[in-house]
Protein chains: 2
Amino acid sequence: MSNAADPPPIQFGYLLKRAQHAFRTRIDDALRPLGLTAPQYAVLSAVDAIAGVSNAELARAAFVTPQAMQGVLANLERDGLLKRTAHPDHGRILRNELTAEGRQALGQARLHVQDIEGLLSQAVGQENAALFAEALARCADALTPA
Amino acid sequence: MSNAADPPPIQFGYLLKRAQHAFRTRIDDALRPLGLTAPQYAVLSAVDAIAGVSNAELARAAFVTPQAMQGVLANLERDGLLKRTAHPDHGRILRNELTAEGRQALGQARLHVQDIEGLLSQAVGQENAALFAEALARCADALTPA
DNA sequence: CATCTAATATCAGGTCCTTGATATGTCAAA
DNA sequence: TTTGACATATCAAGGACCTGATATTAGATG
């Protein structure tokens with residue numbers, strides 16, 4: 001049962017939002033001079049890791065709809081960082097690959113992003129890292145419908 | 001110094017994004033039947049807490065630009081959940097207040113959101129709650145430029 | 001009092017995300 | 001082989017965020 005000494009409930013939703021917002025803002029600020037947004041960086045990184053990956057696959061990896069991913073890809077293609085080509089065996093899938101310019105931009109951006117990831121790790125602290133990571137994963141799992 | 005037994009670096013940015021995305025999606029799903037979005041709920045809640053609050057004040061509280069907040073307020077006003085009136089003493093500030101309909105919608109929404117906050121607390125676990133909250137706050141602080 | 005600075009509101013343009021709908025391509029099963 | 005389920009791509013409309021720019025008001029400072 002409850003009593004007057006119960007601590008007030010912690011607003012984890014707010015804390016989560018604030019931390020994520022701070023991270024996102026920091027990434028955006030770091031990438032702006034390179035002409036990249038955070039989602040664009042994430043996509044370049046994924047396309048680099050999985051050459052020829054499809055739009056649908058990228059969307060699943062980023063937890064966004066295919067329509068949203070398509071918008072990001074269209075902008076990257078327009079900017080010459082990425083090119084889309086027909087899949088050799090499949091008539092519908094379009095393969096996404098980085099251009100030389102795309103690889104170059106990704107290389108630059110990666111350094112900045114790694115710095116910021118470092119700040120995050122440092123803020124968490126090595127002794128809490130594993131527990132913190134597990135708690136975040138539990139949150140995501142608990143809120144993701146089966 | 002480093003050696004081969006070093007654990008791989010944890011991608012806190014990714015974990016943060018995933019947890020926040022799951023939370024946001026869950027809230028959106030719960031509020032959709034009420035015709036509310038997550039940002040709209042947050043604003044209704046803030047306006048209820050601080051009657052007559054200005055657009056600029058709301059924007060600061062939500063970590064968004066005044067322009068972004070203005071868009072949300074415009075939609076809420078269009079839907080009759082909120083009304084904006086001139087400040088009695090200040091010629092520029094517009095006071096925001098809930099309508100009866102807005103208070104009613106907020107009441108409904110609050111129940112759903114509290115349920116989801118409860119899932120989050122449960123996922124974190126009571127024994128980790130304080131440490132987890134502190135770690136999240138440290139992350140936000142470390143990434144927020146002074 | 002005049003001016004300068006800061007706060008507030010708002011317009012315009014762009015990115016990323018959503019839901020909903022639609023067309024096309026693949027593949028398996030009837 | 002035709003049907004039907006599923007994956008993929010894409011169009012359209014709308015919400016929430018951003019940067020940049022612009023007015024207006026308030027208050028402090030010369």
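This is a short tour of a predicted model in which two protein chains meet two DNA strands.

**Stop 1: the two protein chains**

Begin by selecting chains A and B. Chain A superposes on chain B by a rotation of 180 degrees, with 0.0 Å of shift along the axis and an RMSD of 0.0 Å. The two copies are thus related as by a two-fold rotation axis. Now colour the interface residues: 100% of those in chain A are also interface residues in chain B, so the copies meet through the same surface.

**Stop 2: around DNA strand D**

Next, select DNA strand D and show the protein around it. You should find 27 residues surrounding this strand, with A:Gln70, A:Arg92, B:Thr37, B:Thr65 and B:Gln67 the closest. Of the strand D atoms that come within 4 Å of the protein, sugar and phosphate account for 70%.

Which elements supply at least two residues each to the surface near DNA strand D? Pick α3 (55–62) and α4 (66–78) in chain A, then α2 (38–49) and α4 (66–78) in chain B. Linger on α4(B), which gives the most to this surface, with five residues. By class, the surface near strand D holds nine nonpolar, eleven polar and seven charged residues.

Now zoom in on the phosphates of strand D and show side chains:

- B:Thr37 has a side-chain N or O atom 2.3 Å from a phosphate oxygen of strand D.
- A:Gln70 places a polar side-chain atom 2.7 Å from a phosphate oxygen of strand D.
- B:Arg78 has a polar side-chain atom 3.2 Å from a phosphate oxygen of strand D.

**Stop 3: around DNA strand C**

Move on to DNA strand C. Here, too, 27 residues surround the strand, and the closest are A:Thr37, A:Thr65, A:Gln67, B:Gln70 and B:Arg92. Sugar or phosphate makes up 71% of the strand C atoms within 4 Å of the protein, and bases make up the rest.

For the helices, select α2 (38–49) and α4 of chain A with α3 (55–62) and α4 of chain B; each supplies at least two residues of the surface near strand C. The largest share, five residues, comes from α4(A). Colouring by class gives nine nonpolar, eleven polar and seven charged residues near strand C.

To finish, show backbone atoms as well as side chains:

- A:Thr65 has a backbone N or O atom 2.7 Å from a phosphate oxygen of strand C.
- B:Asn55 has a polar backbone atom 3.5 Å from a phosphate oxygen of strand C.
- B:Gln70 has a polar side-chain atom 2.6 Å from a phosphate oxygen of strand C.

Definitions and conventions
Residues are numbered from 1 along each chain as its sequence is written. Chains are lettered from A and ligands numbered from 1 in the order in which they are written. This is a predicted model: local features need pLDDT of at least 70, side-chain atom pairs count only at pLDDT 80 or more; totals for chains, interfaces and linings use all residues. Side-chain values use heavy atoms; hydrogens and water are left out. A residue is near a molecule or strand if one of its heavy atoms lies within 4 Å of it. A polar contact is a pair of N or O atoms within 3.5 Å; within protein, one must be able to donate a hydrogen and the other to accept it, and residues adjacent in sequence count only if both atoms are side-chain atoms. Helices (H or I, at least four residues) and strands (E, at least two) are DSSP runs, numbered from the N terminus. Ala, Val, Leu, Ile, Met, Phe, Trp, Tyr, Cys and Pro count as nonpolar, Asp, Glu, Lys and Arg as charged, and the others, Gly among them, as polar. Copies are superposed by least squares on the C-alpha atoms of residues with pLDDT of at least 70 in both. Contact means heavy atoms within 4.5 Å.
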